[in-house]
Amino acid sequence: MADRSPLVVVGDALLDRDLTGSAERLAPDAPVPVVSECAERVRPGGAALAAYLAARDGREVTLITGVGDDPASEALRALLAPWLTVIPLPLTGTLPEKTRVLAQDRPVVRLDRGAGRAREATDEARAVLRSARAVLVSDYGRGTADALRDVLAGRPPLVWDPHPRGGPPVPGTRLVTPAEKEAHGFAPRNGHAGGGLRAAALNAAALVRDWRAAAVTVTLGSRGALLSYGEHPLLVPAPAAHHGDSCGAGDRFAATAAGLLADGALVGEAVEGAVGAATAFVAAGGAGALPPAGSGPAPARSPDTEDPHALADRVRAQHGTVVAAGGCFDLLHAGHVGLLQAARRLGDCLVVCVNSDASVRRRKGDGRPVNPLADRVRVLRALACVDAIAVFDEDTPERLLGDLRPDVWVKGGDYAGADLPEAALLQEWGGQAVLLPYLDGRSSTALMARAAARVR
């Protein structure tokens, strides 16, 4: 954690609970689904989720929030204790709890209880906030940010994630992160209606002026985020469109942006990193797919990169089919795209195994790859059919496949059976190697030859 700046999170904690089961019939007494065999998962929610995510990134985190001595508060303290420090504010009432009932991983109903609010600031909380190097306000409209507003005004936070029931961010906040619908409601005279980019840009510019913030970024879900300093907005598109469970994506965005700013990133860089992190978070299943709080820290990785092993484990746990495909993908062409699209249709996720630069060089010779690994990965990640990417440094991906254990391994039809040493490996766990038809005449080598001929 030495290379990451510590972060203080100020906001309203919740206790979230998912009851996940299956629904195969309607109740006899009402047209409602019967959700059976429910498994329960409890996790931090609200500001506690933002703080927890930042801590899982390997950051030293302190959370200032309202908690009491009710059962929900005690459960939340136990979840957070291994990860971060909690500075409690006195709570009026009981800690808010939100319970989702899901069938086939889709929400059916949400049950809320507990209306506790932070009653007042404490001397300890004020002292911690005054000495903080970096502050994220995760406002859920339950009093914590309001109780400490005077201290926050004297020390504007890096990021303020607002809530319709909360107060405005303090002037001087470096980045405010409303969602699209929130920005419309927050903007002066109820903002510019509609869901288009023009409305988001006008609302963001109005909020920069009204809130006297350095910047406002309006999060746009699967479209990414729009960043405004008051004029000429910057659109940061999502690296891929995922339509999974978006629960907690806003907290992932805010925690990533605050952490990157704390580490010295520019605002635009922080927003770009936060968009990538939120996209990967949704692709991985959202807050409901987080590892249990008792598990160890996540391995260090780029925030916009989905962990292929975690994805494969999650899909298998849901009785899905894991598909993997491999190659150098040096100059991505129509043959590659057709192969990957067909591979994705064979299962529930597609992991692309990519040769490292050294591996390509050994296989293809000097001058290859034309495009370095980072560029090849970025292009592949932009394909909607690609769910995750894994890199291997050996000549063949056998060791990587042994770790991923996919159900299906795909290669292009230009390979003969003798060229698939992975086929025997797949049989060890009941997997299957298959060849898919390849568009004739398409290859990176052929593209390079044609380009060179035209130059001559």
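# Exercises on a predicted structure

Arg212 is found in the loop between α7 (197–211) and β13 (216–219). The model in which this residue is examined is predicted.

**Exercise 1.** Determine what is unusual about the phi angle of Arg212, and whether the residue is buried or exposed.

*Solution.*
1. Most residues other than glycine have a negative phi.
2. Arg212 is not a glycine, yet its phi is positive, at about 55°.
3. Exposed means over 50% relative accessible area. The relative accessibility of Arg212 is 60%, so Arg212 counts as exposed.

**Exercise 2.** State where Glu37 lies, and classify this residue as buried or exposed.

*Solution.*
1. Glu37 belongs to strand β3, which covers residues 33–46.
2. Glu37, although not a glycine, has a positive phi of about 55°.
3. With a relative accessibility of 73%, Glu37 counts as exposed.

**Exercise 3.** Establish how many aromatic pairs the whole structure contains, and analyse the pair formed by Tyr52 and Trp83.

*Solution.*
1. A search of the whole structure yields two aromatic pairs.
2. In the pair of Tyr52 and Trp83, the centres are 5.6 Å from each other and the planes stand at 85°. Planes over 60 degrees apart count as edge-to-face, and the pair is accordingly edge-to-face.
3. Tyr52 is in helix α1 (residues 47–56), whereas Trp83 is in the loop between α2 (71–80) and β5 (85–89). The two residues are 31 residues apart, and their pair links distant parts of the chain.
4. Buried means under 20% relative accessible area. Tyr52, at 1%, is therefore buried, and Trp83, at 14%, also counts as buried.

**Exercise 4.** Describe how helices α8 and α9 pack, and which residues make the contact.

*Solution.*
1. Helix α8 spans residues 249–262 and helix α9 spans residues 267–283. The two helices pack at an angle of about 145°, and their axes are 8 Å apart.
2. Their crossing is right-handed.
3. Residues of α8 in the contact include Phe253, Leu260 and Leu261; those of α9 include Val271, Ala274 and Phe281.
4. Sorted by class, this contact comprises 14 nonpolar, two polar and two charged residues.

**Exercise 5.** Summarise the secondary structure, burial and contacts of the protein.

*Solution.*
1. The protein has 16 helices and 20 strands.
2. It consists of 456 residues, of which 50% count as buried.
3. Among contacts with a separation of 6 or more, 65% are between residues 24 or more positions apart.

Conventions:
Residues are numbered from 1 along each chain as its sequence is written. This is a predicted model: local features need pLDDT of at least 70, side-chain atom pairs count only at pLDDT 80 or more; totals for chains, interfaces and linings use all residues. Side-chain values use heavy atoms; hydrogens and water are left out. Axes are lines fitted to C-alpha atoms, for helices over the stretch in contact, and angles run from 0 to 180 degrees between N-to-C directions. Helices (H or I, at least four residues) and strands (E, at least two) are DSSP runs, numbered from the N terminus. A crossing is left-handed if the near helix is turned anticlockwise from the far one by less than a right angle, and right-handed if clockwise. Contact means heavy atoms within 4.5 Å. Ala, Val, Leu, Ile, Met, Phe, Trp, Tyr, Cys and Pro count as nonpolar, Asp, Glu, Lys and Arg as charged, and the others, Gly among them, as polar. Rings of Phe, Tyr and Trp (its six-membered ring) pair if their centres lie within 6.5 Å; planes under 30 degrees apart count as stacked, over 60 as edge-to-face and the rest as tilted. Buried means under 20% relative accessible area, exposed over 50%, partly exposed in between (1.4 Å probe, protein chains only).
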